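Good morning, and thank you for the opportunity to present at this meeting. Please look at the sequence and the structure as they appear.

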Amino acid sequence: MKPDFRTFLTGRRLLVAGIAAAAVAAGTAGTALAAGHGDDDRPAKAPAVTAGQAMGAALKAVPGTVGEADLDDGAWEIDVLTGGGAWHEVTVDASSAKVTADRTGRGSDAAEAQGLKNSKVTAQQAAATALKTTAGAVTSVELEHEGAQPAWEVEIAGQDGAQHELLVDGAAGTVTKNETEHEDHGKKEDDGKHEDGKHDDHGGHGDQDDDD
């Protein structure tokens, strides 16, 4: 009985097609993982409208003080505290700087409001200061350490391809902390700058022999 070469070739074609499909699927999954790296998805490139421009547009629509600015899905979400004590969430298009929404009714946050009053540095100034330390695009500005010693946490998508988190002192306007999250391992590295002058202990010396 002669072997059926047509059946053999058909099976081989199916095998090759299956391998190719698997490779395409793996490549697609890899791309998706790369795009969704980290705890929150940040834009791969700088938006047309910068954080400073977006905050300026929001304040033009709703005069007050910016408490937070965050880039999300092609739009800036800006929290503004008015002089009367009301909170507004203003949405600014990240491609045109056009205000597309103005929502009120956010619950009172006494600690954040007090922190804004105590801060000598605005959100816009904090973003500009952070960019002097780390080149890139600001994707988030948020008030931290609310109350007597406010500080601004600024997130930057760096030109080096890494995500940076900086802390800007609300009184002195200086960068007191700078952490970098690399895309390859999602690991953060600190440059060692802190308000207390100490370095973080990441436990990286646990294997060293201290018997000497």
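I shall speak about confidence, then about one helix, and finally about salt bridges.

Please bear in mind that this is a predicted model. The mean pLDDT of the protein is 76, and 62% of the residues reach at least 70. Among the elements, helix H2, residues 51–61, has the highest mean, 98, while helix H1, residues 5–35, has the lowest, 40. The pLDDT is below 50 over residues 5–41, a stretch with eight contacts beyond near neighbours in sequence. Residues 193–212 also stay under 50.

Let us turn to helix H3, residues 110–118. Which of its residues are buried? They are Glu112, Ala113, Gly115 and Leu116. These four cover an arc of only 160 degrees around the axis, and therefore lie on the same side of H3. Ala110 and Lys117, on the other side, are exposed. The buried residues pack against five strands: E1, E2, E3, E5 and E6.

Finally, the salt bridges, of which there are three. Glu77 and Arg103 form one, at 3.2 Å from N to O. This pair joins strand E2 to strand E4, with the two positions 26 residues apart in numbering. Arg103 also meets Glu89, at 2.6 Å, and here strand E3 is linked with strand E4. Glu77, Glu89 and Arg103 are thus linked in a network. The remaining bridge joins Lys177 and Glu179, at 3.5 Å. Is Glu179 buried or exposed? With a relative accessible area of 15%, Glu179 is buried, whereas Lys177, at 26%, is partly exposed.

Definitions and conventions:
Residues numbered from 1 in each chain as written. Predicted model: local features only at pLDDT ≥ 70, side-chain atom pairs only at ≥ 80, totals over all residues. Heavy atoms only, no water. pLDDT = per-residue confidence, 0-100. Contact = heavy atoms within 4.5 Å. Buried < 20%, exposed > 50% of the residue type's maximum accessible area, 1.4 Å probe, protein only. Arc of directions from axis to C-beta. Salt bridge = Lys/Arg side-chain N within 4 Å of Asp/Glu carboxyl O.
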